[in-house]
Amino acid sequence: MKSLKNHFSVIFPLIVLLFSFQFTRGLEVIVAEYETRITNEYSIIVVASKTLEEADIARSVPSLKAMEEVSPSVILDRLKGDISTQNLSLLQLSLPKFYNLKLSSFPSAKALSKIKSDLERMDFISRVETFAKTYDTIYRILVIAKSMAYVFMGLIGVISLLLMLKQMRIWVLEHKERMDIMTLFGAPFWMKSAVLYRLAVVDSFLATCFVVALFYVMPSVPEIASAAAAIDVIIPAIEPLKEGGTLLGISLFFALVSVSMVMLKVKRETP
Amino acid sequence: MNHVIEASKISLGYRNDEPVITDGDMRINSQDFAFITGKSGSGKSTLLKSLYGEIALRQGELSVCGISMNAPAGAKLNTLRRYIGIVFQDYRLINEWTVEKNVMLPLLIGGFSKSVCVQQAQKLLKHVKLLHKADRHPLELSGGEQQRVAMARALAHNPVLLLADEPTGNLDEYSSDVIWSLLKSAREHLGTTIVVVTHRIPTTMGSNYKHFFLESGVLYEVS
């Protein structure tokens, strides 16, 4: 029971650390996917009094991916029954040109404002509609969430390391007598601390398995999947081998660094 | 003459306290059997601890197995400790390990294969008449049995020098006899130099030994 508690005192901070890391990675993927999606869906509408050339627009908007003219026929067709054909022809002639601009990446609010003012400065362009507010709000929320997750992950990392160091000190006290005896018989540093390193490796492995299993199952839990779908987000599934390997590396790094820090302190204090 | 231990005008003590030993000279040659005696608290154990580097020397010159103990550290100290065997007054066995593994400790540290370690441990446990308890743990043994295990461990790697602190202090006659015969045998058959801290020199030792006496912080050889 005591041994289980000792293991759990290392496994728990490792699980929290790995969870926060994987959560941040997941959030990064979600934000990146959302960014791609809104970039594909997003377009700027430009109203001009004459035909525009794509090259002219590209000079003011370097991120321009494509430009296409919006045909006014859909609106004019709706008016067919209300006004005469002659007036319709006159209206068609007097109508400005509408263009749909597609961008290669979703710009920030500041960049979008600059694109708008650059376009408005151009001759023949009478109006620019960026629909910035609609797209920008959700994107900003996700970016803020991502930044907060980074801060959160950093804090969790520090707290986990402190908790593990505390537990390692308890381990050292439990094994102190054995290590002292081994010291008196000339045991090298690695041999005295081998037990602690072995415990750290086992606990890292257990913590990694738990977190990988959690993130493997999580996207398929109906409640979580439907909640994510409701906000138009797909939770990325974990790749057990690739991402599991990264998580194992992180947990091993933290656990082994903790053991080494404590053992080096012991080494300095031992005659 | 080849000195295994050579001490000249040594001063020893704990931290900032007054020195326990203020002056001492000692020369112990290879294959000597030496006793260090003195009253309780005279510094016998302190002197022994300085021989394996658990207590630092304050003044003077001390060399053990050719290694200067004036400022031994790290790898140098580890190397020295692999040459010597130590029997502690309080046994200092690893309670989580079996008796056999305890005896194997110096061999494991020396990097011997497991089969060699097991073979040697069993041989020594047979010598100390504890082979039948090889799988037990130290806390399951009596004090005398634990001391015999400690003796087997100290001799497992055929040390150049064996240091023993009151090895028969709390033992019954049978265990004491086993310990003394093992020490004599180690000296005769393995050529081990033996240094024993004790209150009383056993009468069975005859006169073929060196005797150092500690009194009022001064160590001297009794001729």
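How many helices and how many strands does chain B have? Select chain B and color it by secondary structure: you should find 6 helices and 11 strands. Keep in mind as you click around that this is a predicted model.

**Stop 1: chain B as a whole**

Stay zoomed out for a moment. Lined up along the principal axes, the C-alpha atoms of chain B fill a box of roughly 45 × 40 × 35 Å. The radius of gyration is 17 Å, which agrees with the value near 17 Å that a compact globule of 223 residues would have. Of those 223 residues, 43% are buried. Now think about who touches whom: take the contacts in chain B between residues at least 6 apart in sequence, and 70% of them join residues at least 24 apart.

**Stop 2: helix H5 of chain B**

Next, select residues 143–155 of chain B, which is helix H5. H5(B) has 13 residues, and from its first C-alpha to its last it reaches 19 Å, close to the 18 Å expected at 1.5 Å a residue.

Is this helix largely enclosed or largely open? Because 11 of its 13 residues are buried, H5(B) is largely enclosed by the rest of the structure. Show side chains and look for the buried ones, among them B:Glu145, B:Arg148, B:Met151 and B:Leu155. The buried list also includes B:Gln146, B:Gln147 and B:Arg153.

What does the covering? Bring up these pieces of chain B around H5(B):

- strand S7, at 84–87, is part of the cover;
- helix H3 is part of it too;
- helix H4, at 114–127, joins in;
- strand S8, at 161–165, and helix H6, at 173–190, are also included.

**Stop 3: where H3 meets H5**

Keep H5(B) on screen and add H3(B). Two packed helices are described by the angle between their axes and the distance between the axes. Here the axes of H3(B) and H5(B) come within 6 Å and cross at roughly 30 degrees. The crossing is right-handed.

To see what makes the contact, pick B:Val99, B:Asn102, B:Val103, B:Leu105 and B:Pro106 on the H3(B) side, then B:Val149, B:Ala152 and B:Arg153 on the H5(B) side. Sorted by class, that contact has 6 nonpolar, 1 polar and 1 charged residues.

**Stop 4: off the end of H5**

Follow the chain into the loop between H5 and S8 of chain B, and you will land on B:Asn158. Check its backbone: phi is positive, about 45 degrees, although this residue is not a glycine. B:Asn158 has 17 C-beta neighbours inside 10 Å, so it counts as partly exposed.

There's another positive phi to visit. Select B:Lys9 in strand S1, residues 3–12 of chain B. Its phi is near 50 degrees, again in a residue other than glycine. B:Lys9 counts as exposed because it has 12 C-beta neighbours inside 10 Å.

**Stop 5: a buried loop serine**

Now go to B:Ser42, in the loop between strand S4 (33–38) and helix H1 (44–51) of chain B. Is this loop residue buried or exposed? It has 20 other C-beta atoms within 10 Å, so B:Ser42 is buried. Set aside its neighbours within four places in sequence, and B:Ser42 is in contact with B:Leu214 and B:Glu215. Try a distance line back to B:Asn158 as well: the two are 116 residues apart in sequence and 30 Å apart in space, C-alpha to C-alpha.

**Stop 6: the face toward chain A**

Turn on chain A. At the junction, 14 residues of chain B are in contact with 9 residues of chain A. On the chain B side, the elements that give two or more residues are helix H2 (74–83) and helix H3 (99–109). H2(B) gives the most, with 4 residues. The chain B side divides into 6 nonpolar, 3 polar and 5 charged residues.

**Stop 7: over to chain A**

Select residues 242–269 of chain A, helix H9. At 1.5 Å a residue, its 28 residues should span 40 Å, and the end C-alpha atoms are 41 Å apart, which agrees. Its buried residues include A:Leu247, A:Ile250, A:Phe254, A:Val259 and A:Met263.

Finish on A:Leu163, found in helix H6 (residues 132–184) of chain A. With 18 C-beta neighbours inside 10 Å, A:Leu163 counts as partly exposed. Draw one last line to A:Ser71: these two are 92 residues apart in sequence and 65 Å apart in space, C-alpha to C-alpha.

Conventions
Residues are numbered from 1 along each chain as its sequence is written. Chains are lettered from A and ligands numbered from 1 in the order in which they are written. This is a predicted model: local features need pLDDT of at least 70, side-chain atom pairs count only at pLDDT 80 or more; totals for chains, interfaces and linings use all residues. Two residues are in contact if their C-beta atoms, placed from the backbone, lie within 7 Å. Ala, Val, Leu, Ile, Met, Phe, Trp, Tyr, Cys and Pro count as nonpolar, Asp, Glu, Lys and Arg as charged, and the others, Gly among them, as polar. Axes are lines fitted to C-alpha atoms, for helices over the stretch in contact, and angles run from 0 to 180 degrees between N-to-C directions. A crossing is left-handed if the near helix is turned anticlockwise from the far one by less than a right angle, and right-handed if clockwise. The expected span of a helix is 1.5 Å times one less than its number of residues. The radius of gyration is taken over C-alpha atoms; the globule rule is 2.2 Å times the number of residues to the power 0.38.
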